[in-house]
Amino acid sequence: MTPFMIRVAEIVGAETDDLDEPAIPALSPARRRAANLGADRHMALRALSEQLICEANAVLADEDDHLSLTDEYGGDELAFGIFFRGRQARVSTRFVGHTAYGQLVVDGLPASEPMELTDADSLPDLIVMLLLESGLTRHPH
């Protein structure tokens with residue numbers, strides 16, 4: 001099992017009282033970057049998201065408890081959404097001319113200004129936050 005799978009398995013097997021507050025993913029104010037760098041960054045986040053979701057779903061026993069991933073594209077934006085039990089984290093990259101702007105919108109995570117994930121290392125915390133704050137079914141031993 002990967003370290004992320006072990007992390008999800010520990011959450012699934014934990015008593016509710018034994019869980020720490022979910023780690024909030026590292027965020028930074030959205031910043032502009034060259035369009036090619038924005039597209040590369042978006043695709044790297046998207047690919048890693050798919051891998052982590054597959055790993056988490058391999059650990060989550062109930063098919064109804066599986067995470068899902070959707071892609072959106074068109075116009076001047078690339079986006080993907082990570083869904084769990086009616087909650088969503090949406091990662092998008094908007095293109096204006098030769099510039100790209102990333103943004104993260106998560107149900108229940110207020111932001112006074114556009115925010116983005118600091119880097120790909122923030123994705124595991126984002127997924128764990130969705131699992132914990134959406135009422136993951138636990139199977140304590």
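In the predicted model, helices H1 and H2 are oblique to each other, because an angle of about 45 degrees between them falls outside the ranges that count as roughly parallel, roughly antiparallel or roughly perpendicular. The axes of H1 (residues 3–13) and H2 (residues 35–59) lie 9 Å apart, and the crossing of the two helices is right-handed. On the H1 side the contact is formed by Phe4, Met5, Val8 and Ala9. These residues meet Leu52, Glu55, Ala56, Ala58 and Val59 of H2. By class, the residues of the H1–H2 contact comprise 8 nonpolar and 1 charged, with no polar residue.

H1 also packs against H3, at an angle of about 20 degrees and with the axes 11 Å apart. H1 is therefore roughly parallel to H3, since angles under 35 degrees are classed in this way. The crossing of H1 with H3 is right-handed. Here Phe4, Arg7, Val8 and Ile11 of H1 are in contact with Pro124, Asp125, Ile127, Val128, Leu131 and Leu132 of H3. The residues of this contact divide into 8 nonpolar and 2 charged, again with no polar residue. Phe4 and Val8 take part in the contact with H2 and also in the contact with H3.

The overall fold contains 3 helices and 7 strands. Read from the N terminus, the order of elements is α-β-β-α-β-β-β-β-β-α. Of the 141 residues in the protein, 40% are buried. Among contacts between residues at least 6 apart in sequence, 61% join residues at least 24 apart.

The largest nonpolar core consists of 28 residues. Within this core, the residues with the most contacts are Val8, Leu67, Ile82, Leu126 and Ile127. Two or more residues each are supplied by H1, H2, strand S4 (77–84), strand S5 (87–96), S6 and helix H3 (123–133). H3 gives the most, with 8 residues. Val8, one of the residues with the most contacts inside the core, belongs to H1 and is part of the contacts of that helix with H2 and with H3. Ile127, also listed among the residues with the most core contacts, lies on the H3 side of the H1–H3 contact.

Contacts of Ile82 were examined without counting residues up to four places away in sequence. Ile82 touches Leu67, Leu126 and Ile127, among others, and these three are likewise among the residues with the most contacts inside the core. The remaining contacts of Ile82 are with Ser49, Ile53, Ser68, Leu69, Arg87, Gln88, Ala89 and Leu130.

Two further positions were considered, one in strand S6 and one in the loop that follows. Thr99 lies in S6 (residues 99–106). Thr99 is buried because its relative accessible area of 19% is under the 20% cut-off. Residues up to four places away in sequence aside, Thr99 touches Arg32, Arg33, Ala35 and Arg94.

Asp107 lies in the loop between S6 and strand S7 (115–117). With a relative accessible area of 34%, Asp107 is partly exposed. Beyond residues up to four places away in sequence, the contacts of Asp107 are with Gly86, Arg87 and Gln88. Arg87 and Gln88 are also touched by Ile82. Asp107 and Glu133 are separated by 26 residues in sequence, and their C-alpha atoms are 9.8 Å apart in space.

Technical notes. Residues numbered from 1 in each chain as written. Predicted model: local features only at pLDDT ≥ 70, side-chain atom pairs only at ≥ 80, totals over all residues. Heavy atoms only, no water. Axes fitted to C-alpha atoms, helices over the stretch in contact; angles between N-to-C directions. Helix = DSSP H or I, 4+ residues; strand = E, 2+ residues; numbered from the N terminus. Parallel < 35°, antiparallel > 145°, perpendicular 65-115°, else oblique. Left-handed = near helix turned anticlockwise from the far one by under 90°. Contact = heavy atoms within 4.5 Å. Nonpolar A, V, L, I, M, F, W, Y, C, P; charged D, E, K, R; others polar. Buried < 20%, exposed > 50% of the residue type's maximum accessible area, 1.4 Å probe, protein only. Core = buried A, V, L, I, M, F, W, Y, C linked by side-chain atoms within 4.5 Å.
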